[in-house]
Protein chains: 4
Amino acid sequence: MLKYRTIQESAFEANMQLPALGLVIFTFGNVSVADRKLGAFAIKPSGVPYAELAPEKMVVVDFEGKVLEGTLRPSSDTLTHALLYKKWTDIGSIVHTHSTYATAWAQAQRDIPIFGTTHADHLTVDIPCAAPMSDKMIVGNYEFETGNQIINCFKQRKLDYHNVEMMLVGNHAPFAWGKNAAKAVYNAAVLEEVAKMAWLTEQIDPKAKRLKRSLIKKHHDRKHGPDSYYGQN
Amino acid sequence: MLKYRTIQESAFEANMQLPALGLVIFTFGNVSVADRKLGAFAIKPSGVPYAELAPEKMVVVDFEGKVLEGTLRPSSDTLTHALLYKKWTDIGSIVHTHSTYATAWAQAQRDIPIFGTTHADHLTVDIPCAAPMSDKMIVGNYEFETGNQIINCFKQRKLDYHNVEMMLVGNHAPFAWGKNAAKAVYNAAVLEEVAKMAWLTEQIDPKAKRLKRSLIKKHHDRKHGPDSYYGQN
Amino acid sequence: MLKYRTIQESAFEANMQLPALGLVIFTFGNVSVADRKLGAFAIKPSGVPYAELAPEKMVVVDFEGKVLEGTLRPSSDTLTHALLYKKWTDIGSIVHTHSTYATAWAQAQRDIPIFGTTHADHLTVDIPCAAPMSDKMIVGNYEFETGNQIINCFKQRKLDYHNVEMMLVGNHAPFAWGKNAAKAVYNAAVLEEVAKMAWLTEQIDPKAKRLKRSLIKKHHDRKHGPDSYYGQN
Amino acid sequence: MLKYRTIQESAFEANMQLPALGLVIFTFGNVSVADRKLGAFAIKPSGVPYAELAPEKMVVVDFEGKVLEGTLRPSSDTLTHALLYKKWTDIGSIVHTHSTYATAWAQAQRDIPIFGTTHADHLTVDIPCAAPMSDKMIVGNYEFETGNQIINCFKQRKLDYHNVEMMLVGNHAPFAWGKNAAKAVYNAAVLEEVAKMAWLTEQIDPKAKRLKRSLIKKHHDRKHGPDSYYGQN
């Protein structure tokens with residue numbers, strides 16, 4: 001059907017950016033793009049190399065995870081995407097990668113400390129790392145529960161997914177999202193760069209201190225506050 | 001003879017992927033591809049730069065290491081390949097590189113700990129590092145004994161080469177294999193990426209803990225178990 | 001107006017070098033180029049991706065920060081550039097990036113120690129890292145005060161901006177400058193490389209010592225002294 | 001004169017390989033190529049960017065350092081090259097870079113330990129790091145004395161420049177050489193790769209042990225000994 005063509009094309013282009021930005025090798029990641037009016041999202045098919053992708057191969061799924069269009073099996077992470085779209089009602093795209101530096105922080109089960117303005121330009125808190133999931137969640141509906149783990153982490157920490165558009169799942173890897181595919185992919189790349197910088201910062205000074213509040217607020221406000229003056233609006 | 005043409009072409013293409021994937025510089029690696037019906041494998045000629053390779057330059061050897069076809073001398077590691085093909089009767093391709101991060105773990109004589117799902121997507125145990133070889137083995141038939149060291153390491157640790165398709169030889173470098181060339185090269189690249197992530201994980205937390213059993217099982221089963229749902233089958 | 005065309009073209013070309021040299025991702029940096037006779041400089045527009053830049057999109061600003069030509073909003077860092085041009089009366093170009101290794105040193109709030117001749121070929125002292133700014137400066141005219149922080153750092157340390165053409169702002173990121181755009185961009189790239197080498201040096205020997213005076217003087221003099229013999233003059 | 005054309009072309013091509021192999025940025029390195037019958041070598045002109053090089057711009061110099069042909073000033077390191085050609089009478093090419101990892105070891109003033117077979121495939125000892133030069137040598141004929149420092153380091157350690165074709169000058173950077181340009185450039189790239197691997201090895205195990213003698217001997221002999229069987233000759 002042609003009605004899903006726009007999100008299929010958008011998802012295809014966004015998926016192709018992941019290897020171009022150095023965020024994935026082989027099939028280590030996936031992007032989905034949602035259309036809220038249609039109640040559906042398009043996502044990468046499972047295990048298909050990026051070089052073999054095409055817009056019409058993107059699988060269209062509803063927010064319960066039911067396939068609406070496409071002959072290929074959708075990404076094995078589809079239920080995680082579906083739950084996030086269902087609960088976070090105004091995000092338009094989700095990116096999951098195993099990008100090297102962000103994944104290392106996830107494997108170490110540590111939040112990424114806010115050490116500089118590069119980080120503060122994008123969010124005002126440490127990048128959260130959700131705890132590894134309970135055994136019960138893992139043996140249950142694993143990918144669906146991964147979505148729950150992400151949402152519960154944000155609830156417990158009183159974080160707003162509009163302000164914090166990236167996070168780590170402990171022992172696993174990063175997720176990022178945004179209002180559209182360009183923003184979600186941007187966030188995934190920023191997360192990887194900030195993860196590398198934070199690792200290096202601790203290498204140079206193992207007792208490096210977090211950025212002070214005034215500087216966090218300033219850098220965030222000039223880009224995201226009501227009086228922001230970054231960009232062209 | 002034309003009967004070896006298929007494995008020569010496959011071996012040529014696979015060898016050319018090593019520099020493209022950043023796994024080798026100059027002549028630091030080799031791939032072989034076997035045809036079980038013909039009882040033979042094609043392997044890179046020794047010391048020839050990748051840019052000068054061609055399918056017809058691949059040397060064809062039997063599983064005792066005897067050259068069947070080709071005017072060039074085969075890779076100096078040929079007897080290691082031959083022994084692995086002889087003992088592990090259903091592998092179709094072997095890759096040997098000196099890729100940077102995997103080689104560093106081999107030089108440190110350490111297994112690569114299973115820290116995350118990226119690792120568990122491919123195997124359920126630490127990536128084994130065989131002990132450096134005994135002086136007797138080294139001064140003997142060195143490359144043949146390297147094959148024995150690999151096989152003995154798997155026997156002692158009760159590992160199955162179908163489930164663990166990558167390993168390190170202590171003080172030396174990595175080996176990977178698979179049912180065909182694409183899978184063997186894929187495994188060599190995954191090993192390098194997992195080696196880099198594991199190093200970074202210990203940098204970020206020197207006391208990082210291994211992935212718990214339930215998560216290892218889940219990630220492995222969804223990709224490799226009887227009820228796997230990753231990929232398109 | 002055509003009178004600003006030369007600096008717009010120069011600023012465009014210099015900005016395009018930043019991603020080519022691996023110094024920025026997305027919009028993480030900006031270059032400006034000044035014309036002293038015109039009392040103006042051309043600078044990257046704020047938040048515009050490098051791929052969408054063009055000479056005519058470069059915004060022309062005077063040394064008080066007032067826009068003279070251009071319909072786009074100039075870089076949010078414009079007032080920092082303006083103040084440096086005003087106070088340092090013979091620099092012709094300024095580069096600001098968030099390049100990975102230099103930014104990590106800034107986040108660790110450390111000067112980059114002079115460990116080798118690569119560093120001494122360019123300056124004879126540690127690369128200075130200005131202290132993070134006071135809360136008062138941050139909530140005030142932030143970008144203007146960033147310029148003051150840089151200038152005050154040089155005054156306090158009795159450094160000459162002709163001899164030291166690169167520095168870090170604590171918790172933030174690097175700045176570099178030079179007589180023209182080519183030199184300023186060169187300095188930004190040298191800073192990143194020296195930052196990486198210094199980090200590695202401390203990794204290899206945490207107690208590594210600074211270069212001795214005689215060697216610093218020799219390497220600097222052969223390139224910059226009155227009897228210099230490096231290059232073609 | 002046409003008689004120097006061969007070494008000029010060879011030096012040009014070898015110099016162009018340095019940025020292609022990631023061993024230099026900007027003008028951070030130089031290659032020379034000698035013709036023993038002509039008693040001359042061709043070397044990169046000083047401070048000229050690689051993109052502007054051409055065979056006819058290579059400067060021809062004798063083994064005392066006197067320019068024989070060329071209108072440009074030769075590399076500032078020319079006297080180091082000249083002395084090495086004069087004293088080591090059968091090397092055909094010399095490469096000097098400031099490649100990142102090798103330079104970091106030089107800045108830490110440490111020999112690069114022999115940790116694996118990648119190293120042993122090329123030399124049987126730690127890669128030597130000459131002590132920083134005395135103040136007297138530095139204020140004297142610096143580049144000439146750099147050559148002396150290299151030669152004296154080899155004498156003191158009883159090393160043979162035929163067997164050890166790479167080294168570090170403390171606080172400075174690496175030098176490599178070989179019978180021809182291809183071998184010298186190869187050695188410079190191998191040195192950088194081995195330097196990176198050795199750094200990583202110590203990161204993974206700070207107490208990593210050197211390769212044992214039997215393995216060093218085996219890997220060296222199979223590539224370089226009288227009964228070598230690596231390569232095609």
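This briefing goes through the structure by topic, from one whole chain down to a single residue. The model is predicted. Chain A holds 8 helices and 8 strands. Its radius of gyration is 18 Å, close to the 17 Å that the globule rule gives for 233 residues, so chain A is as compact as a globular protein of that length. In chain C, an open sheet of 8 strands shows mixed pairing.

**Chain A as a whole**

- Along the principal axes, the C-alpha atoms of chain A fill a box of roughly 55 × 45 × 35 Å.
- Of the 233 residues of chain A, 64% count as buried, where buried means under 20% relative accessible area.
- Many contacts link parts of chain A that are far apart in sequence: among contacts between residues at least 6 apart, 62% join residues at least 24 apart.

**The sheet of chain C**

- The strand order in the open sheet of chain C is β4-β3-β2-β1-β5-β8-β7-β6.
- β4 and β6 (129–130) of chain C are the edge strands, as each pairs on one side only.
- α1(C) packs on this sheet and touches β1, β2, β3, β4 and β5 of chain C. The direction of α1(C) makes about 155° with that of β1(C).
- Helix α3 (residues 100–107) of chain C lies across β6, β7 and β8 of chain C. Its direction is at about 50° to β7(C).
- Strands of a sheet pair through backbone hydrogen bonds, and the pairing is either parallel or antiparallel.
- β1(C) and β5(C) run antiparallel and are joined by 5 bridges. In this pair, Ser32(C) has Ile94(C) of β5(C) as its bridge partner.
- β5(C) and strand β8 (residues 174–178) of chain C also run antiparallel, with 4 bridges between them. Here the bridge partner of Ile94(C) is Trp177(C) in β8(C).
- Strand β7 (residues 166–169) of chain C is joined to β8(C) by 3 bridges, and the two run antiparallel. Met167(C) has Phe175(C) of β8(C) as its bridge partner.

**Strand β5 of chain C**

- How many of the 5 residues of β5(C) are buried? The count is 5 of 5, and the strand is mostly covered.
- Both faces of β5(C) are covered. Ser93(C), Val95(C) and Thr97(C) are buried on one side, and Ile94(C) and His96(C) are buried on the other.

**Helix α1 of chain C**

- Helix α1 (residues 5–20) of chain C has 16 residues, which at 1.5 Å a residue should span 22 Å; its end C-alpha atoms are 23 Å apart, which agrees.
- The buried residues in α1(C) are Ile7(C), Gln8(C), Ala11(C), Phe12(C), Ala14(C), Asn15(C) and Leu18(C).
- An α-helix has 3.6 residues a turn, so residues three or four places apart point the same way.
- The cover over the buried residues of α1(C) includes β1 (29–35), β2 (40–43), β3 (59–62), β4 (67–69), β5 (93–97) and α7 (181–204) of chain C.
- Gly22(C), just after α1(C), takes a positive phi of about 75°.

**Helix α3 of chain B**

- In helix α3 (residues 100–107) of chain B, 8 of the 8 residues are buried, so the helix is largely enclosed by the rest of the structure.
- These buried residues include Thr100(B), Tyr101(B), Trp105(B) and Gln107(B).
- What covers the buried residues of α3(B)? The cover includes β6 (129–130), β7 (166–169), β8 (174–178) and α7 (181–204) of chain B, together with α4 (117–120) and α7 (181–204) of chain D.
- Gln109(B), just after α3(B), takes a positive phi of about 55°.

**How the copies are related**

- A turn of 90° and a shift of 0.0 Å along the axis lay chain C on chain A with an RMSD of 0.0 Å. The two copies are thus related as by a four-fold rotation axis.
- Among the residues of chain C, Gln203(C) comes closest to the rotation axis, with its C-alpha at 5.8 Å.
- Only 6% of the interface residues of chain C are also interface residues in chain A, so the copies meet through different surfaces.

**One residue: Ser99 of chain D**

- Ser99(D) sits in the loop between β5 (93–97) and α3 (100–107) of chain D.
- Is Ser99(D) buried or exposed? Ser99(D) has a relative accessible area of 1% and is buried.
- Not counting residues up to four places away in sequence, Ser99(D) touches Leu23(D), Pro174(D) and Glu192(D).

Definitions and conventions:
Residues numbered from 1 in each chain as written. Chains lettered and ligands numbered in written order. Predicted model: local features only at pLDDT ≥ 70, side-chain atom pairs only at ≥ 80, totals over all residues. Heavy atoms only, no water. Expected span 1.5 Å × (residues − 1). Buried < 20%, exposed > 50% of the residue type's maximum accessible area, 1.4 Å probe, protein only. Contact = heavy atoms within 4.5 Å. Pairing = 2+ DSSP bridges. Axes fitted to C-alpha atoms, helices over the stretch in contact; angles between N-to-C directions. Least-squares fit on C-alpha atoms with pLDDT ≥ 70 in both. Rg over C-alpha atoms; globule rule 2.2 N^0.38 Å.
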